[in-house]
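This report walks through the sheet, the helices packed on the sheet, the salt bridges and two backbone details of one protein chain. Please read the text with the structure open beside it.

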Amino acid sequence: MDDITQQKHTKEEIQRYLKSTFTCIKAKLYTVSKDPTTRADNVSFARIYDMNKEEYEELFLSLTADNFSHSVQNWKPGFEHELLYVFRVDTMLLNVITSEYDDVTVYIKINLLETPKMYCTYISCHEADESKPFDYYQY
């Protein structure tokens, strides 16, 4: 379970963070986690909405500081120094199963690494679980 950090963020800090992630996207220095054993929700989301690189990029580039919720410490051993940022965004996507557009709320968790080389991993990118609490950050 993610533990929300008590770290305070400014809107400007989140805007800078997003600008760095956008740089990674434009330079193709990013990945979306799709390990079927640990990221089944990401795999299912990609399959239902037939997500390709361009669609992921469009989705990620649409994020703003207003989509930010909170940050969490990475819990994986050896990576505890990393801070992950959580966002949620509403969008419309074509559901390839129903052939209809769905209004989708997407949960996105990002890990931006700045050393030794800037790289961005989208750890989570899937439909938000509406049964789990989610609050947008109050600046």
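Two strands are taken as paired if DSSP finds at least two bridges between them. The model described here is a predicted one, and every value below is computed from it.

**The sheet**

With that definition in hand, one can turn to strands S2 (68–73) and S3 (residues 83–95), which run antiparallel and are joined by five bridges. Within this pairing, histidine 70 has valine 86 of S3 as its bridge partner. The two strands belong to an open sheet of five strands, whose order is S1-S5-S4-S3-S2 and whose pairing is mixed. Because S1 and S2 stand at the edges and each has a single partner strand, one side of each is left without a neighbour in the sheet. From one strand to the next, the twist averages 30 degrees.

**Helices on the sheet**

Helix H2 packs on this sheet, where it touches S3, strand S4 (100–113) and strand S5 (119–127), and the direction of H2 makes about 70 degrees with that of S5. Helix H3 lies across S1, S3, S4 and S5, and runs at about 105 degrees to S1.

**Salt bridges**

How many salt bridges does the structure hold? There are three, and they are listed here with their N to O distances.

| Basic residue | Acidic residue | N to O distance |
|---|---|---|
| lysine 11 | aspartate 66 | 3.1 Å |
| lysine 28 | glutamate 57 | 2.8 Å |
| arginine 88 | glutamate 130 | 3.7 Å |

The pair of lysine 11 and aspartate 66 links distant parts of the chain, since lysine 11 belongs to helix H1 and aspartate 66 to the loop between H3 and S2, 55 residues apart. Lysine 11 has a relative accessible area of 30% and is therefore partly exposed, and aspartate 66, at 48%, is likewise classed as partly exposed.

In the salt bridge between lysine 28 and glutamate 57, lysine 28 lies in the loop between H1 and S1 and glutamate 57 in helix H3, so that the pair ties together parts that are 29 residues apart in sequence. Is glutamate 57 buried or exposed? Glutamate 57 is buried, because its relative accessible area is 11% and the cut-off for buried is under 20%.

The salt bridge between glutamate 130 and arginine 88 joins the segment after S5, where glutamate 130 lies, to strand S3, which holds arginine 88, and so ties together parts that are 42 residues apart in sequence. The two partners fall into separate accessibility classes: glutamate 130 is exposed, with a relative accessible area of 53%, whereas arginine 88 is buried, with a relative accessible area of 12%.

**Backbone details in two loops**

Most residues other than glycine have a negative phi. Against that background, lysine 28, already met as the salt-bridge partner of glutamate 57, has a positive phi, near 60 degrees. The loop that holds lysine 28 runs between helix H1 (11–26) and strand S1 (30–32).

A positive phi, near 45 degrees, also occurs at aspartate 50, which is found in the loop between helix H2 (40–48) and helix H3 (53–61). Aspartate 50 counts as exposed because its relative accessibility is 51%, and exposed means over 50%.

Methods: Residues numbered from 1 in each chain as written. Predicted model: local features only at pLDDT ≥ 70, side-chain atom pairs only at ≥ 80, totals over all residues. Heavy atoms only, no water. Helix = DSSP H or I, 4+ residues; strand = E, 2+ residues; numbered from the N terminus. Buried < 20%, exposed > 50% of the residue type's maximum accessible area, 1.4 Å probe, protein only. Axes fitted to C-alpha atoms, helices over the stretch in contact; angles between N-to-C directions. Contact = heavy atoms within 4.5 Å. Salt bridge = Lys/Arg side-chain N within 4 Å of Asp/Glu carboxyl O.
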